[in-house]
Amino acid sequence: MPAPKPAGRRSLLVTSAALLSLSVTAPTALAAPTPSTSPSATPPAQMSTLGGARLGMPGTQVNLAPGVPVLPKDVTARSWIVSDAESGEVLAAHNAHWRLPPASTLKMLFADTVLPRFPKGTRHKVAPSDLKGVGAGSSVVGIKEGSSYSVHDLWLGVFLRSGNDAVHVLSAMNGGIEQTVQDMQDHAEELQALDTTVVSPDGYDAPGQVSSAYDLTLIARSGLQKKDFRDYCSTVSAKFGSAEIRNTNRLLSGDSDVPVYRGIAGVKNGNTTHAGATFTGVAERNGKVLLVTVMNPEKREHNEVYKETAKLFDWGFQAAGKVNPVGELVPPKSAAAGGTQPGASASASAGQAVGAGGSGAKPAASASAGSGSSGAGIALAVAGGLLVLLGGAAFLVNRRWPLPDLMRRRTRP
């Protein structure tokens with residue numbers, strides 16, 4: 001059972017709506033963002049209050065006080081959230097429950113649902129029907145009909161290249177697209193990711209397919225309980241067939257205008273016409289593990305979603321321990337009821353290094369202070385081990401996560 005939170009804090013979260021006038025907040029904390037010409041630029045006046053009343057309010061929610069750093073002023077995302085991955089405290093948020101197209105960040109839910117079901121050494125020969133329905137213009141890893149692939153390689157294709165073709169093959173192995181969509185929806189409900197409606201397993205634009213920054217954070221937090229999920233989402237580059245593929249998460253792999261973020265350890269990025277750019281990241285620094293989700297920056301500069309995520313990470317690490325939370329990440333239904341989390345299986349086993357299973361997988365790296373955009377610096381890899389599971393597979397709420405204690409220094413690939 002998770003350790004109970006102090007009654008005073010929980011009471012604050014539950015009654016925060018009534019106490020807003022007494023809270024020390026930014027002057028514009030409760031104001032809705034300025035509408036633009038886009039018809040979807042203004043959030044709903046009322047959103048879900050799961051995790052706290054203030055998370056259902058439009059605009060930025062943060063408790064400013066002496067010693068708490070001011071939020072970065074040039075964050076243009078329509079929705080974002082900064083949370084403590086271990087305690088579940090939401091440090092700050094902006095339209096956290098706004099239901100928006102998720103793009104390939106929805107693949108986190110796909111992976112959290114399907115990944116535990118197939119041993120990584122299982123091989124599958126791709127039939128033409130497996131690739132049916134892959135959307136035009138989709139990101140693909142280059143899977144070929146008639147070729148045989150290991151489950152391990154297929155997941156590398158999903159996480160590193162956001163390959164919709166790999167998602168479709170794994171969905172076929174899982175009983176087909178329709179079955180997989182239903183499984184994902186059921187799992188979202190178990191996680192209490194109630195803003196999420198699944199239409200396609202790969203996150204490709206589809207009418208009615210939505211999630212929220214809050215839900216994507218819940219999903220990432222669940223996925224990171226699983227060792228295999230941590231391994232794949234933190235892999236920088238790997239062999240796929242005769243080629244090398246590289247992670248498109250620019251805070252992990254770096255780019256000309258985005259250095260590798262110090263302490264980054266995953267998770268997943270996305271970009272489609274309707275969703276814009278989306279990203280959920282996890283990073284560790286000085287013993288703190290934060291999750292940041294950013295959805296659809298209105299500023300359209302190259303790699304803007306990563307730049308805004310990095311700014312929010314920087315703020316979160318400075319504010320952690322100083323700012324009073326505005327909400328919390330709720331546990332899954334079964335964990336809240338004292339049960340165990342479905343899918344927290346042997347994939348969360350301890351004592352194995354990133355990329356176990358071969359295929360040339362290379363671990364995540366983190367640039368040292370002052371490193372340039374080339375990403376040269378001290379490597380920090382997420383490894384397995386020391387994951388204490390209560391009751392065999394209990395969801396870790398208010399307990400140490402594996403990330404801080406299991407970052408190992410390695411040579412950057």
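Modeller: Before we start, buried means under 20% relative accessible area, exposed over 50%, and partly exposed in between (1.4 Å probe, protein chains only). This is a predicted model, where local features need pLDDT of at least 70, side-chain atom pairs count only at pLDDT 80 or more, and totals for chains, interfaces and linings use all residues. Residues are numbered from 1 along each chain as its sequence is written, and side-chain values use heavy atoms, with hydrogens and water left out.

Colleague: Okay, is Glu298 buried, exposed or partly exposed?

Modeller: Go by the cut-offs: partly exposed sits between under 20% and over 50%. Glu298 has a relative accessible area of 35%, so call it partly exposed.

Colleague: And which side chain does Glu298 meet in a salt bridge?

Modeller: A salt bridge here is a side-chain nitrogen of Lys or Arg within 4 Å of a carboxyl oxygen of Asp or Glu. For Glu298 the N to O distance is 3.5 Å. The partner is Arg78.

Colleague: How many residues apart in sequence are the parts that this pair ties together?

Modeller: Helices (H or I, at least four residues) and strands (E, at least two) are DSSP runs, numbered from the N terminus. Glu298 lies in the loop between E10 and helix H9 (304-319), while Arg78 is in strand E2 (residues 77-84). So the pair ties together parts separated by 220 residues.

Colleague: Which residue does Asp183 form a salt bridge with?

Modeller: The closest N and O atoms are 2.7 Å apart, and the partner of Asp183 is Arg117. The pair links distant parts of the chain, 66 residues apart, with Asp183 in helix H5 (residues 177-190) and Arg117 in the loop between helix H2 (107-114) and strand E4 (123-125). Asp183 counts as buried at 12% relative accessibility. At 42%, the partly exposed partner is Arg117.

Colleague: Which residues share a salt-bridge network with Lys299?

Modeller: Lys299 forms a salt bridge with Glu301, at 3.8 Å between the closest N and O atoms. Salt bridges that share partners extend this into one network, joining Lys299 with Asp257, Glu301 and Lys307.

Colleague: Which side chain makes a polar contact with that of Asn296?

Modeller: Asn296 is in strand E10 (residues 288-297) and counts as buried at 8% relative accessibility. A polar contact is a pair of N or O atoms within 3.5 Å; within protein, one must be able to donate a hydrogen and the other to accept it, and residues adjacent in sequence count only if both atoms are side-chain atoms. At 3.2 Å, the partner of Asn296 is Arg300.
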